[in-house]
Amino acid sequence: MPSTTSLKSIQEAKKRLTKFLKTLETVPTDELERTAERIYSEAIAQVPYSTGKLESSIYVRVSRSKTKPGLVAGASAKEHGYDYAGIQHENENYDHPIKGKAHYIRDPFKKEVALMTRRIRRRLRGS
């Protein structure tokens with residue numbers, strides 16, 4: 001009588017588990033990179049524009065930290081020693097005649113992370 005670990009049903013289950021675990025190694029990274037690009041594009045489209053300095057200061061990247069995986073997003077635009085990116089982001093009363101709005105990073109971040117979460121769940125269910 002063969003041992004249970006050599007049975008075909010056990011071998012198939014182990015193969016499925018291995019495939020699933022390999023998916024876990026690649027899916028989140030792929031999705032984080034895709035999401036970072038999408039957040040960046042949306043943030044650029046929504047950032048207030050005057051000189052282009054604030055627009056060019058936006059960054060969105062995948063964290064490579066093992067302890068804090070995820071996304072890092074922000075902006076830093078200084079003029080006369082003052083970083084005005086934060087006030088531009090938070091102040092909903094500013095008028096932006098060319099383009100832009102408040103929460104130009106937060107809104108795309110929240111939207112795209114929700115979409116990413118759905119995509120990852122869908123991909124993992126398909127594994």
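I started with S57: a polar atom of its side chain sits 3.3 Å from the backbone nitrogen of S76. That fits a polar contact, a pair of N or O atoms within 3.5 Å, where one must be able to donate a hydrogen and the other to accept it, and where residues adjacent in sequence count only if both atoms are side-chain atoms.

Note to self: this is a predicted model, where local features need pLDDT of at least 70, side-chain atom pairs need 80 or more, and totals for chains, interfaces and linings use all residues. Residues are numbered from 1 along each chain, and side-chain values use heavy atoms, without hydrogens and water.

Next, where is S57? I found S57 in the loop between α2 (53-56) and β1 (59-63). S57 counts as buried because its relative accessible area is 14% (buried is under 20%, exposed over 50%, partly exposed in between, with a 1.4 Å probe and protein chains only).

Then I87. I located I87 in helix α3 (residues 85-90); helices are DSSP runs of H or I with at least four residues, strands are E runs of at least two, numbered from the N terminus. I87 is partly exposed, at 35% relative accessibility. Its C-alpha is 8.8 Å from that of A102, 15 residues apart along the chain. With Y82 and Y94, I87 makes a nonpolar surface patch of about 280 Å².

Last, R118. I saw that R118 belongs to helix α4 (residues 106-125) and is partly exposed at 47% relative accessibility. R118 forms a positive surface patch with R121, R122 and R125. Patch residues have over 30% relative accessible area and no salt bridge (side-chain nitrogen of Lys or Arg within 4 Å of a carboxyl oxygen of Asp or Glu), with like charges joined within 9 Å and nonpolar side chains (Val, Leu, Ile, Met, Phe, Trp, Tyr) within 5 Å.

How values were computed:
Accessible areas come from the Shrake-Rupley method with a 1.4 Å probe; for residues, only the protein chains shown count as cover. Lys and Arg count as positive and Asp and Glu as negative; His and the chain ends are not counted. The place of a charge is taken as NZ of Lys, CZ of Arg, CG of Asp or CD of Glu.
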